[in-house]
Amino acid sequence: MDPECARLLPALCDVLADPRQPVADDTCLEKLLDWFKAVTEAGSSLLLLQDHPCLVELLFHVLKPQDLSSRILSFVLRLAGIFAAQENCFQYLQQGELLPGLFGEPGPLGAAAWAAPSVRSGWIQGLHSLAQHPSALRFLADSGAVDTIFSLQGDPSLFVASAAGQLLVRVLDLALCGPAEGHISLQAWDWPACARKIVCHLEDCLRSEATPRVTQALHVLTTAFGHCHGLWTQGLWVQLSPLVARLLEKDPVPAPHALVDLLLSVARSSMLSSDPGLWETAAQTLSRLSPTQAGPLAAGILKLQDCPQALRIQAFGVLLQPLAFVLEATAQAPGMPGLLEGAAGDLMAVDTLPPSKSACVGLLCSALAHLELLQPLPQRPSPWPQAPLLAAVVAILRLCNGSAAPNSEAGGRLCAMLGGCVRVQRAALDFLGVLSQGLGPQELVTQVFAILLEYLVSPDSSPTVLKKAFQATLCWLLSSAAPPGCCDLEPYAQLVLGELLSVLRKRLCSPCWEVRDSGLEFLTQMTRHQGGQAGFRQALLASEVPELTRQLLQDPESYVRASAVAAVGQLSSWGLLAAPSSPEHAATPQKTPLEELLLVLTTDSEGFPRRAVMRVFTEWLRDGYADVAEDPERFVARVLQAASGDLDWEVRVQGLELALAFLEQLLGPCGPSAVAPPGALAQALQALCRVQLFEFAFRSLFDCDRPVAQKSCDLLLFLRAKAIPSSNSQEAGDGPDVTSVEAALRRWQAGEQGQPLGELAPEAVLAVLRSMDLEALQDTLAESSDHVERSPQSLLQDMLATVGVLGDNEADCY
Amino acid sequence: MKLYCLSGHPTLPCNVLKFKSTTIMLDCGLDMTSTLNFLPLPLVQSPRLSNLPGWSLKDGNAFLDKTELIDLSTVDVILISNYHCMMALPYITEHTGFTGTVYATEPTVQIGRLLMEELVNFIERVPKAQSASLWKNKDIQRLLPSPLKDAVEVSTWRRCYTMQEVNSALSKIQLVGYSQKIELFGAVQVTPLSSGYALGSSNWIIQSHYEKVSYVSGSSLLTTHPQPMDQASLKNSDVLILTGLTQIPTANPDSMVGEFCSNLALTVRNGGNVLVPCYPSGVIYDLLECLYQYIDSAGLSSIPFYFISPVANSSLEFSQIFAEWLCHNKQTKVYLPEPPFPHAELIQTNKLKHYPSIHGDFSNDFRQPCVVFTGHPSLRFGDVVHFMELWGKSSLNTVIFTEPDFSYLEALAPYQPLAMKCIYCPIDTRLNFIQVSKLLKEVQPLHVVCPEQYTQPPPAQSHRMDLMVDCQPPAMSYRRAEVLALPFKRRYEKIEIMPELADSLVPMEIKPGISLATVSAVLHTKDNKHVLQPPPRPTQPTGGKKRKRASDDIPDCKVLKPLLSGSIPVDQFVQTLEKHGFSDIKVEDTAKGHIVLLQEAETLIQIEEDSTHIICDDDEVLRVRLRDLVLKFLQKF
């Protein structure tokens with residue numbers, strides 16, 4: 001502990017012990033605890049207490065009957081726990097009978113303060129901290145704390161109840177993982193008394209008819225198997241698994257969610273997953289629980305690296321069941337391969353879905369979400385039923401938009417339940433997008449495109465659904481451009497594209513900005529991937545979409561303008577932004593896209609479009625876009641000028657990014673310090689001076705927004721590495737006079753940004769670069785801005801300041 | 001209680017309810033779909049229309065009228081729920097001998113008048129040289145091309161009414177306000193409630209002291225311009241008559257408005273014109289409001305919007321003055337002071353211009369590309385006919401249908417072939433089936449009555465079980481020209497007792513909380529009010545003063561035997577019989593009670609819930625003895 005903190009500590013302890021003093025707030029106390037924890041972890045707690053008797057006094061102070069606030073009481077309990085975590089310190093505190101006073105019967109347990117949840121929570125956390133050594137275990141056993149923990153499991157405060165469960169696990173672990181672990185028997189009846197007591201309690205709970213008690217026990221077991229890896233966990237599972245299995249015989253199965261959590265936690269534990277009984281229980285659980293409850297278990301099982309194949313098939317069946325039901329209910333004619341064929345079709349009768357709409361929607365959504373997560377995994381079930389899954393998703397989407405016409409009664413019910421349901425539509429479209437990574441029979445792919453188009457065309461699609469439909473369409477269009485990259489779209493996809501563009505045209509005129517925005521995003525992505533394909537180019541140029549996109553640069557919504565900027569950037573880099581053909585525009589000369597975007601950069605009132613322009617410009621510069629490549633210097637100069645005056649720091653960062661791209665073009669890419677050849681360097685420096693890059697970079701170095709300064713620092717470091725060989729970095733003797741430049745920089749650093757730097761010669765730049773300690777600056781900038789305020793010293797000062805101990809500001813009451 | 005169903009059109013209902021000796025007509029909508037059988041009436045002589053093969057300009061305009069199911073002169077009152085549902089009023093009030101009263105809210109009457117005025121104006125300004133009616137003869141009609149030959153009851157089609165008839169019909173209307181209680185002949189009380197669909201639109205409650213019938217017609221739960229729907233007052237109905245649901249249950253009005261705006265912008269940006277056939281009031285206010293917000297964002301501020309109707313000006317101005325009938329949001333604007341509808345600002349800034357017709361000022365101001373709102377949505381008459389002819393040939397132009405009353409394909413038929421784009425964005429804010437089922441769950445009527453169209457999915461989407469009224473017990477359905485006996489019996493009637501008579505009653509408590517008293521009185525019934533009055537005293541002969549006063553109090557009627565109540569506990573009764581010397585008693589249980597058999601005396605006592613018989617052979621003494629024993633167990637009063 002540093003001396004300043006040590007000096008402040010007694011005063012702080014006095015404040016904390018004084019019930020009349022208002023304590024700052026809970027976050028201060030939390031920070032204080034964090035600090036003490038760090039201090040005790042670094043050194044001996046015993047020494048700390050001996051050096052600072054005020055701390056012991058504070059702990060003892062609590063034992064006196066008085067009106068301490070529950071916050072302070074809770075704080076002291078936790079603090080005592082932190083100190084007592086070290087055995088010698090524990091003994092030191094025990095000598096003064098402090099610990100029984102705090103944690104035993106005479107303490108807050110019996111007092112009125114116990115009614116406050118924060119005190120109960122502090123009591124548990126204190127014990128949790130101190131339960132680290134055999135002495136603590138004895139203390140816990142003797143003080144009767146374990147019984148209190150049992151009762152706290154049912155505490156009305158969920159935080160307390162959950163912490164009580166965790167504490168039980170901690171105690172178990174402590175009792176069984178001691179130095180004698182090698183001798184711990186796998187049989188629970190040989191265990192220490194304290195552990196036996198807990199196990200008995202868990203058994204009682206599992207046998208109980210009251211669901212909350214069963215849930216408590218399951219939570220405790222889940223935590224134990226999830227966090228503890230001692231051999232004893234095996235013994236515990238052997239002892240309790242029959243009781244867990246017996247839960248499945250009850251109707252309904254109590255606490256299904258907690259049960260699923262427990263089974264998954266056991267299955268993930270390397271110690272226990274070899275137990276064949278586990279897989280049996282899991283299989284039984286899958287078949288006993290309702291599809292909604294079993295879904296998470298099935299998904300968890302399928303994500304496991306190794307588990308019996310039969311169980312995997314069964315679990316997959318659970319996930320597929322709702323989709324299989326949909327397929328069956330909507331089947332126009334028999335003959336379509338069923339989803340569950342060859343899986344566990346005989347295990348489950350595909351006959352029912354939940355009767356209520358919300359339950360049915362929930363089941364479908366979770367099944368779709370689970371399958372979506374499974375699809376990309378290497379351990380996903382194989383064979384993956386791609387075709388029936390596609391058919392099922394298409395059927396669901398048809399039910400949702402009312403275009404399905406099922407004959408069966410079940411289909412009719414589904415139709416009524418799913419009609420217009422946005423949640424299911426979103427989940428199904430997400431999954432459909434993921435399914436594009438696999439192929440499907442042509443006939444189904446045709447259906448996929450048809451339903452996607454229906455969604456895109458339908459005025460009833462909500463903006464979020466539409467966005468997902470656009471994303472899924474993009475996935476499918478890209479996946480049907482096979483073989484990747486070199487060939488046009490398939491003929492069918494080409495056909496779809498035509499219709500798609502006419503939909504897009506209308507969507508770009510939508511009164512709803514989200515729709516315009518997702519339309520533009522789709523266009524940008526599509527162009528990025530397909531901009532070079534003749535089929536796509538033809539279709540796009542024949543539509544009015546490019547012209548509409550250009551018009552959306554004036555959209556009233558800034559997000560839309562930003563997306564329009566990105567789209568215009570992408571379109572024009574592929575040469576797809578033809579001049580408009582309509583006669584009324586012919587008279588006025590059309591601005592080039594570059595000019596239009598520069599206009600946005602200099603005039604737009606919102607940050608998003610300007611940031612988007614900077615991103616496009618950087619991309620253009622990197623990719624050698626024609627208009628830029630003509631005269632890159634002029635381009636960079638204009639952009640940097642605009643960006644340097646921008647109020648949005650992200651735009652300025654983007655400006656530096658663009659400057660970096662320009663540097664890389666002149667000096668070669670950022671690499672292992674390859675110094676540029678002198679001739680090229682001189683030319684490059686001239687160019688950099690002409691575009692006033694240095695003025696921008698130096699100014700940014702002292703920017704009030706840290707990311708800008710950091711970026712600029714990186715840029716200058718890069719430049720220095722390129723321009724000045726490390727060997728002669730100190731040879732600045734006969735350089736040009738840079739005092740005026742340095743003076744200006746100092747003024748900038750002091751916050752006077754008004755004065756320009758004036759003309760800079762390359763030599764002067766190099767000299768300044770040499771003289772600046774950029775590394776030190778980089779280190780300073782790397783520290784977070786509140787590093788001063790976060791020190792413990794500052795914390796103590798703050799806490800004292802709030803109660804007026806530090807200052808001389810005795811309240812003046814006149 | 002009977003319901004006579006005169007209209008087969010669920011959104012243009014016309015029903016007659018006979019309830020407690022009153023005859024109440026609920027709405028009189030005018031089904032104008034038959035006009036689609038006729039050619040458009042052009043403002044300018046159109047050689048194309050008049051030369052169409054196989055067609056000739058015949059009878060101008062005909063409308064379906066009511067069947068002779070009921071003598072309309074017996075109708076006591078007509079309740080109007082909204083301005084679309086009163087368009088047949090002149091046919092009923094002017095030519096049937098109707099002498100009753102019509103009840104409607106003020107905006108309904110004013111806007112209904114505008115609609116009628118527009119209709120009459122559209123028809124009368126293109127007078128016909130000749131008219132034909134011979135074809136209505138069934139034998140000739142059979143020879144006509146389809147669909148005319150399949151049309152039903154063409155003989156009841158009528159010519160359009162005149163302005164004079166309109167004025168006369170409207171003069172019979174009495175204005176009412178929401179929640180106002182109107183007594184009809186003392187028998188029933190009717191009350192209009194806000195229905196949320198249009199300015200002044202109302203649902204009606206028709207109730208007597210013990211029965212309540214709700215009439216729900218054209219209601220909306222969406223937040224548009226009118227006052228929101230009053231659902232709470234519909235609770236506890238015995239019967240709820242449900243009509244006027246949305247005609248396009250699959251189209252969500254919000255998405256249709258979005259579609260409308262997108263298509264409008266797309267057309268105008270390409271230099272095309274947009275034509276919106278519409279009524280002069282209603283959805284147009286909401287459309288203008290949406291456009292007001294949209295045009296700037298879509299960069300359409302330089303595009304002129306024209307609203308052409310003989311009543312355009314009145315419609316736009318009326319909408320601003322009915323503040324009390326508007327939704328809360330718009331009401332508050334009145335105090336700001338701001339006009340409740342933003343179309344006022346559109347007019348001020350010259351973005352929206354309105355004209356009575358295409359003649360006159362409009363032809364000077366007309367500038368393209370533009371957006372034109374005009375009637376009639378059937379495309380058979382009105383200024384819209386001119387624009388269809390003018391713009392139909394160019395594929396740059398678009399016609400956007402927003403009114404759901406007419407099939408747009410049929411409306412377009414006489415204009416084919418058409419190059420113009422056609423967009424169908426029907427905007428119908430009336431209740432859809434999901435909202436109906438929520439409403440019924442909340443309101444909990446005992447019985448629901450609705451047109452048969454609502455009790456099954458639409459024919460084109462027979463699998464959509466969600467597109468029908470779903471309630472328990474199942475809704476009763478009606479079809480045109482059907483008489484429905486409503487499924488509840490009136491069981492109680494309220495009768496008042498005169499104070500002096502009530503004073504003389506001496507109630508006796510027979511059970512805790514229930515007291516009874518006998519009353520002798522005269523029931524006086526007048527104007528459907530029933531009053532119990534004290535019985536008249538006997539007319540005193542002249543010179544009666546000499547008689548003893550005591551005789552004054554003897555009532556005229558004979559002495560009444562006391563009334564009995566209570567039940568006979570059989571076991572105790574048998575014990576009593578035994579105590580009184582009867583022996584050899586057998587008790588048999590029957591379905592209705594017990595039979596006590598006195599075998600020795602050959603006597604039978606039947607004890608049932610509501611009667612007791614003593615059957616013995618001519619032994620009057622025994623009978624009286626037994627009777628007195630029975631009476632011991634009963635209370636008398």
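**A tour from the chain A–chain B interface to the core**

Begin by selecting A:Lys506 and B:Glu259, whose side chains meet in a salt bridge with 2.5 Å from N to O; bear in mind throughout that this is a predicted model. The count of salt bridges between chain A and chain B is 1, while residue pairs in polar contact between the two chains, with both partners at pLDDT 80 or more, number 5.

Next, colour three helices of chain A, namely α22 (409–418), α26 (491–507) and α29 (545–551), each of which supplies at least two residues of the side of chain A that touches chain B. Of this side, the largest share comes from α22(A), with 3 residues. If you then colour the touching residues of chain A by character, you will find 11 nonpolar, 4 polar and 4 charged.

Now widen the selection to both sides of the interface, where 19 residues of chain A are in contact with 19 residues of chain B. The area buried between the two chains is about 1,700 Å², and carbon and sulfur atoms give 57% of that area.

From here, turn to the nonpolar interior and select A:Phe617 and B:Phe373, which touch the most other members of the largest nonpolar core, a set of 390 residues. Around A:Phe617, once its neighbours within four places in sequence are left aside, show A:Leu594, A:Leu597, A:Leu598, A:Leu601, A:Phe635, A:Val639 and A:Leu658, with which A:Phe617 is in contact. Apart from this largest core lies another one, of 26 residues, and as a last stop you can select some of its members, including B:Leu3, B:Leu17, B:Val190 and B:Leu484.

Definitions and conventions:
Residues numbered from 1 in each chain as written. Chains lettered and ligands numbered in written order. Predicted model: local features only at pLDDT ≥ 70, side-chain atom pairs only at ≥ 80, totals over all residues. Heavy atoms only, no water. Core = buried A, V, L, I, M, F, W, Y, C linked by side-chain atoms within 4.5 Å. Buried < 20%, exposed > 50% of the residue type's maximum accessible area, 1.4 Å probe, protein only. Contact = heavy atoms within 4.5 Å. Buried area = accessible area lost by both parts, 1.4 Å probe. Salt bridge = Lys/Arg side-chain N within 4 Å of Asp/Glu carboxyl O. Polar contact = N/O pair within 3.5 Å; in protein donor to acceptor, adjacent residues only side chain to side chain. Helix = DSSP H or I, 4+ residues; strand = E, 2+ residues; numbered from the N terminus. Nonpolar A, V, L, I, M, F, W, Y, C, P; charged D, E, K, R; others polar.
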